[in-house]
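Let's take a walk through this protein together, starting with one helix and working outwards. Please have the structure open as you read.

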Amino acid sequence: MPKSVWFLIIGMLVNTTGNSFLWPLTAIYMHDYLGKSLAMAGFVLMLNSAAGVLGNLLGGYLFDRIGGYKSTMFGILLTIASLIALTIWHGWPHYVWILTILGFSGGIVFPGMFALAGTAWPEGGRKAFNAIYLAQNLGVAIGPALAGVVAAYQFDYVFKVNLAMYILFFFIAFFTFKRFEAGSIAPKNVVGESKRIINKAPFYALLIISSSSVLCWVAYSQWSATISSYTQDLGLGLKQYSLLWTINGLLIVLGQPLIAPLVKRWENKLKRQLVFGVTLIAISFGIIAFASDFKMFGAAMVVLTFGEMFYTPALPTIANQLAPKGRQGFYQGIINSAATTGRMIGPLFGGIMVDQFGMIVLVLILVIIVLFAIIPCLIYDYPLRKNKIAAE
């Protein structure tokens, strides 16, 4: 693995550790500390994710126009300014507006990080994106474990630690990401003539696979929205809920040797990775329907995590394969926006469903939604086959 990719990995680790101090606890903070309903908490999370969709698209566009270094630094600086405001004003309604801005600024950063991984190690294929994905989830393992302890002591400190981690991320990016600049700027003629691209099949394929991501994230987002509050109602404390995310992050990192034989066997068969991953995600929500204690929620998280390990890294890999030269940032922005769209719809949808019908009904519906996500995984390459373009 090139040294440049290691700098991206470290940056993503620090970034995600800071972020995971905040996002897993947002619904709990809204519901238990600000006294708002789950539906309102879902609406606020929807605003955050809607802004993230715009941020992802802008981040991908800026990557192709001005390069990964400048686009990423812009997102980082905007995030730091927002986090400074959040440490000062985190009551109602200030929390809503600042969280929305954070969704936008954070969205700008992520497409650049994934696109930089593709340009820094083009021959790495899935390995480059899997490395960034592992760094993300190691941060998810560390962040919530510490956040649960910090929040139990004093919730205000959660915002301060998030700010401190992002300042550290700024210095990592400032001193190391600049070296990727030459390889991350798209040729001007490609960008300028993008509207004249005749072959649209890869873009249609990207939209189809993106629909699968939307459906899966509608379900997945419930873990930081309705399921988080549901665990509190069942008597699990903040520390136990945060421990579930620690299990998720550590298993993704430590479980790589367990999935390596299958991943290697299916290295050029991304469809199988996608379908197998989605099936495991659906099973995990089936387990939640019967969960009443930490052990059952832990089992659901383990199954969910293995599904995620097969499914999630395959998406940016497909986006990178489909992207024409000079459009990597845009395509990564699209695939990231799909996940963010799911996170936008999920909390509001889940909050309304729980308020009206209860948690069990919601979970059963989520199983059906996730199973539907298998269909785009099977047919996303239809436009490519139709135009005699190799999908794999």
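## One helix and its surroundings

In this predicted model, helix α18 runs over residues 359–372. Its 14 residues reach 20 Å from the first C-alpha to the last, close to the 20 Å expected at 1.5 Å a residue.

Now look at which side chains of α18 are hidden. The buried residues are Met359, Leu362, Val363, Leu366, Val367, Ile369 and Val370. Seen down the axis of α18, these buried residues fall within an arc of 165°, so they line one face of the helix. The general pattern helps here: an α-helix has 3.6 residues a turn, so residues three or four places apart point the same way.

What covers that face? The cover over the buried residues of α18 includes α10 (201–220), α11 (226–233), α14 (270–288), α17 (328–357) and α19 (374–379).

Next, step back to the interior. The largest nonpolar core holds 110 residues, and those with the most contacts inside it are Ile76, Tyr95, Ile209, Trp223, Leu274, Phe285 and Phe297. Helix α5 (residues 94–120) gives the most to this core, with twelve residues. Apart from this core lies another, of ten residues, among them Tyr133, Ile252, Ile259 and Leu280.

Ile209 is a good place to zoom in. Leaving aside neighbours within four places in sequence, Ile209 is in contact with Leu274, Leu315, Ile318, Ile335, Pro376, Cys377 and Tyr380.

Finally, take in the whole protein. There are 20 helices and zero strands, and 58% of the 392 residues count as buried. Among contacts with a separation of 6 or more, 85% come from residues 24 or more positions apart. The protein exposes about 16,000 Å², with carbon and sulfur atoms supplying 69% of it.

Technical notes. Residues numbered from 1 in each chain as written. Predicted model: local features only at pLDDT ≥ 70, side-chain atom pairs only at ≥ 80, totals over all residues. Heavy atoms only, no water. Core = buried A, V, L, I, M, F, W, Y, C linked by side-chain atoms within 4.5 Å. Buried < 20%, exposed > 50% of the residue type's maximum accessible area, 1.4 Å probe, protein only. Helix = DSSP H or I, 4+ residues; strand = E, 2+ residues; numbered from the N terminus. Contact = heavy atoms within 4.5 Å. Expected span 1.5 Å × (residues − 1). Arc of directions from axis to C-beta. Areas by Shrake-Rupley, 256 points an atom, 1.4 Å probe, with all protein chains shown as cover.
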